[in-house]
Amino acid sequence: MKTNKENLPLDEILLEDSLQLLSNLPDECVDLVVSSPPYNLGKEYESRQALEIYLAEQTAVLLECSRILKNTGSLFWQIGAFSDRGMLIPLDIRFFPILESCRLIPRNRIIWARQHGLHAQKKFSCRHETILWFTKSDNYKFNLDAIRVPQKYQNKKHYRGNRKGELSCNPEGKNPGDIWLFRNVKHNHEEQTIHPCQFPEDLVARILLATTNENDIILDPFMGSGTTAVVARDHKRHFIGSEMEPKYHQVALRRLSGNPDPNGCFPNLKTLRDYVEKTGQSIDKFKFDMQVGNKASERSKAKFYSEEYHLQEMEDRLIYEESVFAANLRGEEIPLDPKLNGNGKKTSLQNQIVKQVEEVEQIELRLWS
Ligand SMILES: C[S@@+](CC[C@H](N)C(=O)[O-])C[C@H]1O[C@@H](n2cnc3c(N)ncnc32)[C@H](O)[C@@H]1O
């Protein structure tokens, strides 16, 4: 049904084709489009033609997204690295000119990095995906204060000049940059549903807080398990979306409802934990779709690590791996693995980070005093 700005299907996920939804929406009615499109290439990808057909379909969707985006709006398109029998198909590179041809303006090419994944045998293992950010005009929203992250050296001060002694960085935190490391929603992730490629909620939250305000409207034409809708709702924004696959559409509706199904089952552990915390009921009464053990575990017993923690861990690991490579090249002594503490025992990364920061701050203090 054709809609106008007064009767938009707000806070609904329609079980239909994305083009059907989009073609019914009026011009300039949403503030943000955020999505990860399907890769309909799968194993059927055998010829250039299949890729060209896929890109033509995506172009039709993106033209519609551009039409319905407000002048102040943004579009984020998350695209995986696609590989067919070892041959790389750099989809983000193919999408870039398509987005430009939709009269959108590029702002960032965000790298969503991974610490883990398959180990390739005949090329470098793939450890990132891409998120392309485009805006409709130069008059776009960017709420940096809503998404600041801690400075690496919070107490760093000017050491000369007329600002000597004053903090040299913003104490409220820094811009998070364009390398993101939100943990992939796979095993042991409390948000994991039956959907094979979910967005982490925090990744969507960063996009949404940076580029929209309360009551703004967020569109995801490929809703999957409904992550965009859940995050929009949690941050007092409206959502509109479509999902073609009934089983994922059901998961999205169950996530949004927050209630157990008639069998006492939830779509994921996060929804289950939220429910028992809200109602005070025993967690033992419920289960969730991807449950492995007999019992769901309480949130208070779970360990959560911030994105900052994972970034630091990845940085440390890359520095260590490259120092081993360099030592090997030069025939020097191989450095000890800091994770193994030189004696085969694991050390807590958190302690290592605190220790490293303290050491650097001590050195800086000595230099400036
Ligand atoms: C990569 S997944 C999106 C996952 C989502 N970001 C989440 O967090 O769960 C893409 C989704 O698009 C759906 N899909 C594929 N073609 C579609 C179409 N033409 N219209 C609507 N949905 C479609 C698929 O069923 C799949 O669930």
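The shell around the ligand is a mixed bag: 9 nonpolar, 7 polar and 4 charged residues. Here Ala, Val, Leu, Ile, Met, Phe, Trp, Tyr, Cys and Pro count as nonpolar, Asp, Glu, Lys and Arg as charged, and the others, Gly among them, as polar. This is a predicted model, in which local features need pLDDT of at least 70, side-chain atom pairs count only at pLDDT 80 or more, and totals for chains, interfaces and linings use all residues. Residues are numbered from 1 along each chain as its sequence is written, and side-chain values use heavy atoms, with hydrogens and water left out.

In total, 20 residues surround the ligand, each having a heavy atom within 4 Å of it. The closest are His-195, Phe-199, Ser-225, Thr-227 and Glu-243. Polar contacts (pairs of N or O atoms within 3.5 Å) turn up at several spots. The side chain of Ser-36 puts an N or O atom 3.1 Å from a ligand nitrogen. Ligand oxygen atoms come into play too: one is 2.8 Å from a side-chain N or O atom of His-195, and one lies 2.7 Å from a polar side-chain atom of Thr-227. The protein covers 89% of the 610 Å² of accessible area that the ligand has on its own, as worked out by the Shrake-Rupley method with a 1.4 Å probe.

Now for Lys-236, found in the loop between α5 (227-234) and β10 (238-242). Helices (H or I, at least four residues) and strands (E, at least two) are DSSP runs, numbered from the N terminus. Lys-236 counts as exposed because its relative accessibility is 55%, and exposed means over 50% (1.4 Å probe, protein chains only). Setting aside neighbours within four places in sequence, Lys-236 is in contact (heavy atoms within 4.5 Å) with Glu-214 and Asn-215. Asn-215 sits 21 residues away along the chain, yet the C-alpha atoms of Lys-236 and Asn-215 are 6.0 Å apart.

Notes. A polar contact is a pair of N or O atoms within 3.5 Å; within protein, one must be able to donate a hydrogen and the other to accept it, and residues adjacent in sequence count only if both atoms are side-chain atoms. Buried means under 20% relative accessible area, exposed over 50%, partly exposed in between (1.4 Å probe, protein chains only).
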